[in-house]
Amino acid sequence: MIVAVAKDGFRLMFDLMDEAIHYIFKTRRRLDGTPRGLDECTRDVTLTRRLLEQANLLAEAREYAVVTGSRGKGSVTTIMAKLLESLGQRVGTITSPHLVHWNERIRVDGRMIPTKDFLRILHELQPCINSITRDLPPSQYLSPQGIFLAIALRHFNERNVNIAVLEVGRGGRFDDVAVVPNKLAVFAPIMLEHTALLGNRLERIAWHKAGIIKEGGAALSLPQERAAMEVLRAEASEKGASLTCISSADMAKHLTDHPRGQLIHLHPYGELFLPLLARYQIANGTLAIRAVEALQKNLGGGSPKSPAFIDAVRRGLRSVKWLGRVQQLEANPAIFVDGAITVASAESFVDSVRERLREPVISIVGVPRDRDYAGVYRVMAGVSQSLIITETDINPNTHFPTREEALAAAQQLNADLSYADDLPRALEFARQKAGQSGTILLAVSLMLVGECMLIWEADTRVI
C-alpha cells in the first residue's frame, strides 16, 4: 500500500480499521487515567463544529432528527429509520455503541458504511483533523464522536441521504451529534444515569438532554417524570419550540405475543406487527411512529392520515431489525440475550420473556462494576434455577466486579451459583444445566452482546 505523507509529517492513509480507530481516539486518549468530571466542564463541541465547517459538511439541505434519552434511544432511532425508508426516503443513521464492527455506528438505509469508504473518508478528512488537533493543549481533545459524525455526514452526502436520524451518545447539550441543525428533538425516557458525568439529580440530567432542542424547532417526548418534563418544557419555551408529550393513554397497546415479536394496536393504524420481543419496544415504537408523522410534514410528503402513509408505516414496522435487545438466539434450548445491565432493564427483560420461559431457567449475567450488578443478580436469580456470572476483557476501559465481589453479592440469591471467566465457558456451563428443553437468559453488557453476535454468526452489517 502507498502511504501519502503531508509536509508536516502526518500520515494521510490507513490500511487497517484498527489503525483508523487508534487515530480517531488519539487526542482523547491523552486524558486516560485522569478524572473526567462533569460534561459541562470537560466536553467542548467547538472543535467538532470547526471540523464540520472546514470540511463543509453541513451545506447539504437535509432534514435532521436527533434522539436522546436514558433508555431506548437506539431502538427509537432504528425504528424511525426503517419507517422513513418505507416511505421512500434515503435515510442515514448514527447509533452507538456498536456490537461487532465500528462501522455499524454509521448506516444508510440500514447498511453500515463499508470499511473502504470509512477509511477513504477519514483519509480525506485527516488534513482538517490534523490542523485542529496539532496545537491543542493537553487538557483539550477533538471528540472521537465528532470525527465519527464528520465521517457519517460525508458518507450521507455521497449517498444522497435526505434525512438523518442521529442518536446522541450521552446527554445532549454537550454531545457532538447534537451540533447538527435538527428541527426535531426526540426524547426517550429520561432517568438517573452517568451521574458522575451528567450530575446526580434528575433535573440536571434532563437539562443535558434538553439541549438537543433547537430554536423554533419541535420536540416530542414519551411520558417523563414530572421533574424531567418541567425541564423539557422550560427549554422548549426558552427556544420558542413546540413540545408534545405522548400521554400514557395514547401509547400503543400490547395485543398478544407472536413467535417473532408481538402484535400491538395503535390508532389510526389498527393492529401492527412489531418484530421485537421486548415489551419496552412498544413505547419506543409509538414514539418512532409519532416522530415520523411529525417529520412527514417537513419532508413535504402526503398526510400522515392517508392510506398510503398508514400502509407504509405498517410495512416499515414489520421490517424492523434491532439485534441484541431481547433477541432469541436459539430454540432448543431457548436462548435469549438482552443488554440488561440495570435493575429496570433486567426487570423489563424478564417481563418480556416470562411467557416464553421453559424450565430449567439458567441465567448468565455480566454487568460492569459501575452498575448495580447486585441488583441485576437479584432480578435474574428470581426467575432462575441457576445463576452464572461472567465478564469480558474486550474493552480495557470497562471493568467488571472481581470473582470474589460477584460471588459475595450473589451468594444468598441462588443455591446453584457459579462463575465463568468468559462467555464461552459460561455458555458451556449453561447448556449442561439447561439441556435441550430449558431456557438460557443472558443479561449482559453490550460488549458481551457483541460476543454473542460473533458466536451465533449474526450479520450485523445490515439491519
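A disulfide is taken here as a pair of cysteine sulfur atoms within 2.5 Å, and by this rule the count in the model, which is a predicted one, comes to zero disulfides.

**Figure 1. Close-up of two cysteines, Cys-128 and Cys-452, in the predicted model.** Buried means under 20% relative accessible area, and Cys-128 therefore counts as buried at 17% relative accessibility. Cys-452 is likewise buried, with a relative accessible area of 0%, and it is one of the buried residues of helix α17. The number of disulfides found by the distance rule is zero.

**Figure 2. Close-up of the packing of helix α6 against helix α7.** The axes of α6, which spans residues 115-133, and of α7, which spans residues 144-158, come within 10 Å and cross at roughly 120°, and the two helices are therefore oblique to each other. Their crossing is right-handed. On the side of α6 the contact is made by Asp-117, Phe-118, Arg-120, Ile-121, Leu-122, Glu-124, Leu-125 and Ile-129, and on the side of α7 by Ile-147, Phe-148, Ala-150, Ile-151, Arg-154, His-155 and Glu-158. Sorted by class, this contact holds nine nonpolar residues, one polar residue and five charged residues.

**Figure 3. Close-up of helix α12 and its contact with helix α11.** Helix α11 covers residues 280-298 and helix α12 covers residues 307-318; their axes come within 12 Å and cross at roughly 140°, so that α11 and α12 are oblique to each other. The crossing of α11 past α12 is right-handed. Residues Ile-289, Val-292, Glu-293 and Gln-296 of α11 meet Phe-309, Val-313 and Leu-317 of α12, a set that divides into five nonpolar, one polar and one charged.

**Figure 4. Close-up of helix α12 and its contact with helix α5.** Helix α5, formed by residues 73-86, packs with α12 at an angle of about 130°, and the axes are 8 Å apart, an arrangement that makes α5 oblique to α12. The crossing of α5 and α12 is right-handed. From α5 the contact draws on Ile-79, Lys-82, Leu-83 and Ser-86, while α12 contributes Ala-312, Val-313, Arg-315, Gly-316 and Leu-317. By class, the residues of this contact are five nonpolar, two polar and two charged. Val-313 and Leu-317 of α12 belong to this contact and are also met by residues of α11.

**Figure 5. Close-up of helix α17 and the segment that follows it.** Seven of the 10 residues of α17, which runs over residues 446-455, are buried, so the helix is largely enclosed by the rest of the structure. The buried residues are Met-447, Leu-448, Val-449, Gly-450, Glu-451, Cys-452 and Met-453, and the elements covering them include β12 (327-330), β13 (334-338), β14 (361-366), α16 (423-434) and β17 (439-444). In the segment after α17 lies Glu-457, which has a positive phi of about 55° although it is not a glycine. In contrast to the buried residues of the helix, Glu-457 counts as exposed, at 72% relative accessibility.

**Figure 6. Close-up of the surroundings of His-208 in helix α9.** His-208 lies in α9, which comprises residues 202-210, and is buried with a relative accessible area of 1%. Setting aside residues up to four places away in sequence, His-208 touches Asp-39, Glu-40, Gly-171, Gly-172, Arg-173, Phe-174 and Leu-198.

**Figure 7. Close-up of Leu-266 in strand β10 and of the loop between β10 and β11.** Leu-266 is found in β10, which spans residues 261-266, and is buried, with a relative accessible area of 2%. Beyond its neighbours within four places in sequence, Leu-266 is in contact with Asp-250, Met-251, Ala-252, Leu-272, Thr-286, Ile-289 and Arg-290. Among these contacts is Ile-289, which also takes part in the meeting of α11 with α12. From Leu-266 to Ile-121 the separation is 145 residues in sequence and 42 Å in space, C-alpha to C-alpha. In the loop between β10 and β11 (270-274) lies Pro-268, and the peptide bond leading to it from His-267 is cis, with omega near 0°.

**Figure 8. Close-up of backbone geometry in two further loops.** Most residues other than glycine have a negative phi, and most peptide bonds are trans. Asn-332 and Pro-333 are joined by a cis peptide bond with omega about 0°, and Pro-333 lies in the loop between β12 and β13. Asp-109, a residue other than glycine, has a positive phi near 50°, and its place is in the loop between β3 (106-108) and β4 (111-112).

Notes: Residues numbered from 1 in each chain as written. Predicted model: local features only at pLDDT ≥ 70, side-chain atom pairs only at ≥ 80, totals over all residues. Heavy atoms only, no water. Axes fitted to C-alpha atoms, helices over the stretch in contact; angles between N-to-C directions. Helix = DSSP H or I, 4+ residues; strand = E, 2+ residues; numbered from the N terminus. Parallel < 35°, antiparallel > 145°, perpendicular 65-115°, else oblique. Left-handed = near helix turned anticlockwise from the far one by under 90°. Contact = heavy atoms within 4.5 Å. Nonpolar A, V, L, I, M, F, W, Y, C, P; charged D, E, K, R; others polar. Buried < 20%, exposed > 50% of the residue type's maximum accessible area, 1.4 Å probe, protein only.
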